[in-house]
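Let us walk through a protein fold by question and answer. Keep the structure in view as you read.

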Amino acid sequence: RRILHPTDFSSASRAAFDRALAMCRDSRAELVILHALAPIVPMMGEGYVPPQTYEAIDAAARQDAQRKLDALVAAARRARPRARAHNGEGPAHEGSVRAAKRLRADLIVMGTHGRSGLARLFVGSVASRVVSAALCPVMTVRGR
């Protein structure tokens, strides 16, 4: 009934979006597109950065994410499934798991960059964290 698609707007996420869209059309499910924004953590440096700067960066990031979410929802609606956007907060893996639980998602369809070795060690894998913590099935789609 409901498929959650977490996105970071990358090419890997686009491949997962296409798969989720096809699945929604086939099963007449609702597509919920999620983007989780991590809070901006002030960095300690040599100079003072006023709080207004962090607020401006946060507002710009939210505005950009909303614009991209709206474009994905519009693309999904043109393909005919019911679709809506959902904004999350916090790290991507936590936001995805929380949203899936809160929205009672039946499936999470998300992209994976396919990193391995040192890149995975330093960057981590959001997809593997979601797979291990989600209460519903998770389908990962390798990016193109």
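Helices (H or I, at least four residues) and strands (E, at least two) are DSSP runs, numbered from the N terminus. This is a predicted model: local features need pLDDT of at least 70, side-chain atom pairs count only at pLDDT 80 or more, and totals for chains, interfaces and linings use all residues. Residues are numbered from 1 along each chain as its sequence is written, and side-chain values use heavy atoms, with hydrogens and water left out.

Q: In which loop does Phe-9 lie?
A: Look at strand S1, residues 2-6, and then at helix H1, residues 11-27. Phe-9 sits in the loop between S1 and H1.

Q: Is Phe-9 buried, partly exposed or exposed?
A: Buried means under 20% relative accessible area, exposed over 50%, and partly exposed in between (1.4 Å probe, protein chains only). Phe-9 has a relative accessible area of 25%. Therefore Phe-9 is partly exposed.

Q: What is the phi of Arg-80?
A: Most residues other than glycine have a negative phi. Arg-80 is not a glycine, yet its phi is positive. The value is about 95°.

Q: In what order do the five strands form the open sheet?
A: Strands of a sheet pair through backbone hydrogen bonds, either parallel or antiparallel. Here two strands pair if DSSP finds at least two bridges between them. The pairing in this sheet is parallel. The order is S3-S2-S1-S4-S5.

Q: Which strands stand at the edges?
A: An edge strand here has a single partner strand, so one side is left without a neighbour in the sheet. That describes S3 (83-89) and S5 (138-142).

Q: Which residue in S5 does Val-109 stand opposite?
A: Strand S4, residues 107-112, pairs with S5 in the parallel sense over five bridges. Opposite Val-109 in S5 stands Met-139.

Q: At what angle do helices H3 and H5 pack?
A: Axes are lines fitted to C-alpha atoms, for helices over the stretch in contact, and angles run from 0 to 180 degrees between N-to-C directions. Contact means heavy atoms within 4.5 Å. The axes of H3 (residues 92-103) and H5 (residues 126-133) are 9 Å apart. Their packing angle is about 35°.

Q: Which residues of H5 make the contact with H3?
A: On the H3 side, the contact is made by Ala-92, His-93, Ser-96 and Val-97. On the H5 side, the residues are Val-126, Arg-129, Val-130 and Ala-133.
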